[in-house]
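This briefing is meant for a reader who is meeting the structure for the first time. Please keep the sequence and the model at hand while reading.

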Amino acid sequence: MSVAYLNGSYLPLDEARISPLDRGFLFADGIYEVAAVIDGRLVDSASHLARLERSTAAIGIALPLTLAEIEAAQKELVARNTLGEGLVYLQITRGADTTRDFIAPTGLQPTLFMFVQAKSFSDMPAVRTGIAVATMPDQRWARRDIKSVGLLAQAMAKQAARDAGAQEAWMVEDGFVTEGASSTAFIVTDEGIITRPYSQSVLAGCTGAALATLAEESGLAVVRRPFTVAEALAAKEAFITSASTFCLSVVRIDGQPVGDGTPGPVATRLRTLYVDFARATAV
């Protein structure tokens with residue numbers, strides 16, 4: 001049975017109990033992070049914890065533990081679940097509020113919850129086949145740089161993509177691709193590897209940032225600017241990055257092939273570089 005972490009205790013996941021008055025449940029008043037695990041160790045942990053700290057600070061939630069203590073709890077959770085490859089999900093909310101007021105009372109004790117999911121990164125069929133994406137209007141709130149648990153727009157986009165025969169949604173705003181519903185979007189052109197610059201319009205992806213650094217270190221140009229759907233369709237390659245997928249080629253957009261419709265050499269190379277980086281630096 002899977003072991004979870006809740007407010008300082010390790011317990012069977014199906015025994016974890018969170019108050020129905022928790023503001024995460026009532027208001028989506030919370031932040032989450034997802035870190036990959038490979039060889040039983042956390043991948044790019046410092047980046048994920050730094051983003052957790054930025055997001056919680058942005059909405060005024062005080063972390064109940066230090067970042068070092070949170071990382072230690074994640075490692076203990078991985079060990080207790082004997083997790084070799086997979087994900088650690090972390091969620092922190094402002095806590096339970098019996099008044100159900102939009103303005104939270106002071107002194108609430110935050111809720112810190114974590115659990116793990118087994119997932120194989122070394123044998124993902126999508127690495128060989130690539131994935132399809134469907135584009136749709138970006139209907140999310142304006143502060144997308146905050147990793148909020150309010151994910152209704154993303155969930156709706158994912159379901160619409162699935163209904164269109166795609167595995168991911170690319171959100172479009174003012175004619176430009178912002179990002180995937182749960183990933184960072186990239187294209188490859190003669191100009192280099194293109195992706196959006198960081199702003200309040202997009203989440204600063206930890207995996208995407210690491211991969212961009214690896215690309216530059218290997219002599220590939222990375223250009224941070226917006227791109228259109230038409231540019232993506234005309235690109236040599238397209239791909240996504242996230243903690244749960246690492247790097248996957250996008251071979252179709254709205255049913256139309258990208259390049260020759262198969263995973264391209266740049267994305268394939270970058271995935272290999274990232275897996276090597278993950279194994280070498282995981283903690």
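The points below take up the sheet, the nonpolar cores, the cysteines, one loop threonine and two backbone angles in turn.

The model is a predicted one. It contains an open sheet of six strands, arranged in the order E2-E1-E6-E5-E3-E4 with antiparallel pairing. The largest nonpolar core has 42 residues, and another core, of 20 residues, lies apart from it.

**The six-stranded sheet**

- Strand E2 (9–12) and strand E4 (41–42) stand at the edges of the sheet, and because each has a single partner strand, one side of each is left without a neighbour in the sheet.
- Strand E1 (residues 3–6) is joined to E2 by four bridges, the two running antiparallel, and within this pair valine 3 stands opposite proline 12 of E2.
- Helix H2 (residues 45–59) packs on the sheet, where it touches E3, E4 and E5, and the direction of H2 makes about 175° with that of E3.
- Strand E5 (residues 86–93) has seven of its eight residues buried, so E5 is largely enclosed by the rest of the structure.
- On one side, E5 is joined by eight bridges to strand E3 (residues 30–38), in an antiparallel arrangement, and eight bridges likewise join E5 to strand E6 (residues 111–118), again antiparallel.
- Tyrosine 89 of E5 can be used to follow both pairings, since it stands opposite valine 34 and also opposite phenylalanine 115 in E6.

**Nonpolar cores**

- In soluble globular proteins, nonpolar side chains tend to be buried together.
- Within the largest core, of 42 residues, the members that touch the most other members are Trp170, Ile187, Phe227, Val250 and Ile253.
- Isoleucine 253, when its neighbours within four places in sequence are left aside, is in contact with Val133, Thr135, Trp170, Val229, Ala232, Leu233 and Val258.
- The other core, which lies apart from this one, has 20 residues, among them Val3, Tyr5, Val37 and Leu77.

**Cysteines**

- The count of disulfides comes to zero.
- For cysteine 206, the closest cysteine sulfur is that of cysteine 247, and because the two are 16 Å apart, they are too far from each other for a bond.
- Cysteine 206 is buried, with a relative accessible area of 6%, and cysteine 247 is also buried, with a relative accessible area of 2%.

**Threonine 245 and its surroundings**

- Threonine 245 lies in the loop between strand E13 (237–242) and strand E14 (246–253), and this loop residue counts as buried because its relative accessible area is 13%, where buried means under 20%.
- The side chain of threonine 245 is joined to that of serine 242 by a polar contact of 2.7 Å.
- Beyond its neighbours within four places in sequence, threonine 245 is in contact with Phe121, Met124, Ile240 and Arg271.

**Positive phi angles outside glycine**

- Alanine 28, although it is not a glycine, has a positive phi of about 55°, and this residue is found in the loop between helix H1 (23–27) and E3.
- With a relative accessibility of 31%, alanine 28 counts as partly exposed.
- Aspartate 254 is likewise a residue other than glycine with a positive phi, in this case near 50°, and aspartate 254 lies in the loop between E14 and strand E15 (256–257).
- Aspartate 254 counts as partly exposed, at 38% relative accessibility.

Conventions:
Residues are numbered from 1 along each chain as its sequence is written. This is a predicted model: local features need pLDDT of at least 70, side-chain atom pairs count only at pLDDT 80 or more; totals for chains, interfaces and linings use all residues. Side-chain values use heavy atoms; hydrogens and water are left out. Buried means under 20% relative accessible area, exposed over 50%, partly exposed in between (1.4 Å probe, protein chains only). A polar contact is a pair of N or O atoms within 3.5 Å; within protein, one must be able to donate a hydrogen and the other to accept it, and residues adjacent in sequence count only if both atoms are side-chain atoms. Contact means heavy atoms within 4.5 Å. Two strands pair if DSSP finds at least two bridges between them. A disulfide is a pair of cysteine sulfur atoms within 2.5 Å. A nonpolar core is a set of buried Ala, Val, Leu, Ile, Met, Phe, Trp, Tyr and Cys residues joined through side-chain atoms within 4.5 Å. Axes are lines fitted to C-alpha atoms, for helices over the stretch in contact, and angles run from 0 to 180 degrees between N-to-C directions.
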